[in-house]
Amino acid sequence: MIELKDLRYDYRNGPTLSFADLSASAGSTLLVRGASGAGKSTLLALMAGLLTPTAGQVFVDGIDVGALAPRQRDAWRGAHLGFVPQRLHLSDALSVQDNLGLPYVCAGEPVQPARIAELLERLGLQGLAGRRPHQLSVGQAQRVALARAVLRGPRLLLADEPTASLDDEAAVEALRLLIELAALSRATLVLATHDARVSQALPDAQLLQLNRAPACSA
Amino acid sequence: MFRLIALAWRYLWSQPLTAALNLLLLSLGLGAISFVILVSEQVEQAVTRDLAGIDLVVGAKGSPMQIMLAGVFHLDVPTGNIPLATLELLRKQPLVARAIPLSLGDSLQGYRIVGSTPEYLDLYQAKPASGRVWQAPLEAVLGAEAAQRSGLTVGAQFASSHGLAGQGDAHDDRRYTVVGVLAPSGTVLDRLVLTGLESVWAVHEHGDEHDDDHDDAELDAKREITMALVSYRGPLGAAMLPRWVNAQPGLQAAAPALETARLLRMVGAGTEVLRGFGVLLLLAAGLSVFVAMLHAVRERRNDLAMMRMLGAPPARVAGLVAAEALCLAVLATVLGLALGHGLTHGLGLMLAAQQSITVTGGWWSFREWSVPALAVLLALLSAALPAWSAFRLDVTQLLQTPR
């Protein structure tokens, strides 16, 4: 589960962002909505332990992520966090197979080829293991990024603008897969988006609305 | 660690042209360094070996360097001949422990025929691998290389050619018989054909009208040798004998140690140039690797940031960059050493064709450890700034957090 408490972040020479307290249970979906510059990415960075809160805490499964030492945050991210970036960031120097092996290498663990094969099959990507990302379609590349995010069974799955470059049909499919994969590992899914289609597709999701202001509130 | 190296290897070859060019530059530089080490070490060792026990070379008036090269290494032409009586004169000197005569002038397929005494073999502790040492005129013992290249074995006969280059007229009427083949000694003897002094005189005195009334003393008075290899009885010899020899009419003293030092200085200048060229190549390679690594880190900053997001600590990401450079260094070391040994082998073949000093690509020097050490050092230096840049990567850029 994820919990925000008195969370605030002050940018150097920039705005101050305050976030409303909230609590999202394990396996639930949290929608973080707001226009560009409202602080969605900042909130994701705070949840991922990439930024240290100026005030307040971010708890993930009871762990105050912001209070962890840098090395502990790296280890925590490797073990418990899944991330689907807006631009996917698959390495073009590596094959699909090697891209999916990266989470293990980064965590300093042996690669699990069986787990990778299982995910590839579940996502309809069997036969593409040897291809490079630039040889995939947009949809295929997004599924590879999804597979990379859920490979090690994260407790928290962050998706930054997951439908940004997709048409309606692809957007629906992407959301469906996200929720399905998050449910498999009982991860809390946090979607940061300004895409109205996401809200429409997930009417029952918990909502955190961010407004563009020096001090924002839900 | 192995997984990181495997990943680094994949990243390295994701830009094959850049990697290949950097590999080529590095390998050429390391190969040049290896070549210089191998050749200079073998030449120094060969020179030291061939100088064994020879304190002075006495020849006809002329260049001491030429006398030394002709008498010790059998590389140059001698300055002329000296009277046979010189040998006795030298042996009577109290400062002289030993004087070994050498008579040059003929050859077998380019290998010099040297008339001497069995003491010459003792100088290099050479022993026959087959057959025996000569005991009578026109009996010859072949050095190991001379035997191998000529294909002659014990019992075979051959005619010597006039001149040291093997292209003069053959002395067909006076044929030698091979009575022994020396075991390889790694010295100048390997590329010589050895025989007694009498053989050389017999070949060249044939055709002269011999008057039965001429006695041996008269013959000896006319006979000549090319030079004498002298060993001192004590350190005083080094101070006194060269001056005494030079004062004799028609004689020139050459101190091998002195002349060799001069020679190695001259050769050393050449090796320094080559070494400098190798260092220049390495510097160019280092610069090229640095530029390639910096460019790679910039191009891959999102990949590296994603790795941080996946839990890799900054040191691991920086280590990936360094590992890429180290992979290049290891590969370049292997190729560079292969190139160095290959070039040395090629040089050895060229020198062997000229019956010159033996140099081989199969030689391994302890000093070659400097090659991988240089490669690793260069790789680490080239990768230092790019690795630091990767270490300091701002991961939040992945999320496009405004600043």
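Visitor: Which residue of chain B forms a salt bridge with Asp74(A)?
Guide: Bear in mind that this is a predicted model. Between chain A and chain B the count is 2 salt bridges. In the one at Asp74(A), the closest N and O atoms sit 2.8 Å apart, and the partner is Arg308(B).

Visitor: Which helix of chain A gives the largest share of the side that touches chain B?
Guide: Four elements of chain A each supply at least two residues to that side: helix H1 (40-47), helix H2 (70-80), strand E7 (81-84) and helix H3 (96-107). The largest share is 6 residues, and it comes from H3(A).

Visitor: How much area do chain A and chain B bury between them?
Guide: The contact draws on 36 residues from chain A and 25 residues from chain B. On the chain A side, those residues split into 19 nonpolar, 7 polar and 10 charged. Carbon and sulfur atoms carry 63% of the buried area, and the total is about 2,700 Å².

Visitor: How many residues of helix H11 of chain B are buried?
Guide: Let's go back to the helix around Arg308(B). Among the buried residues of H11(B) are Asp303(B), Leu304(B), Met307(B) and Arg308(B) itself. The helix runs over residues 301-309 and is mostly covered, with the buried count at 7 of its 9 residues.

Visitor: Which helix supplies the largest share of the largest nonpolar core?
Guide: That core has 83 residues, and those touching the most other members are Leu4(A), Met47(A), Leu156(A), Leu158(A), Met307(B) and Met309(B). The largest share, 11 residues, comes from residues 314-353 of chain B, helix H12.

Visitor: And how many residues are in the second, separate core?
Guide: In soluble globular proteins, nonpolar side chains tend to be buried together. This second core includes Ile67(B), Phe73(B), Trp134(B) and Leu192(B), and its size is 36 residues.

Visitor: What are the contacts of Met47(A), leaving aside neighbours within four places in sequence?
Guide: Met47(A) is one of the residues touching the most other members of the largest core. Its contacts include Ile2(A), Leu30(A), Val58(A) and Trp76(A). Also in contact with Met47(A) are Leu4(A), Val60(A), Val65(A), Leu156(A), Leu158(A) and Val190(A).

Visitor: Is Gln42(B) buried or exposed?
Guide: Gln42(B) lies in helix H2 of chain B, residues 16-50. Leaving aside neighbours within four places in sequence, Gln42(B) is in contact with Thr344(B), Thr358(B), Val359(B), Thr360(B) and Trp363(B). Its relative accessibility is 3%, so Gln42(B) counts as buried.

Notes
Residues are numbered from 1 along each chain as its sequence is written. Chains are lettered from A and ligands numbered from 1 in the order in which they are written. This is a predicted model: local features need pLDDT of at least 70, side-chain atom pairs count only at pLDDT 80 or more; totals for chains, interfaces and linings use all residues. Side-chain values use heavy atoms; hydrogens and water are left out. Contact means heavy atoms within 4.5 Å. Buried area is the accessible area (1.4 Å probe) that two parts lose on being put together, summed over both. A salt bridge is a side-chain nitrogen of Lys or Arg within 4 Å of a carboxyl oxygen of Asp or Glu. Ala, Val, Leu, Ile, Met, Phe, Trp, Tyr, Cys and Pro count as nonpolar, Asp, Glu, Lys and Arg as charged, and the others, Gly among them, as polar. Buried means under 20% relative accessible area, exposed over 50%, partly exposed in between (1.4 Å probe, protein chains only). A nonpolar core is a set of buried Ala, Val, Leu, Ile, Met, Phe, Trp, Tyr and Cys residues joined through side-chain atoms within 4.5 Å.
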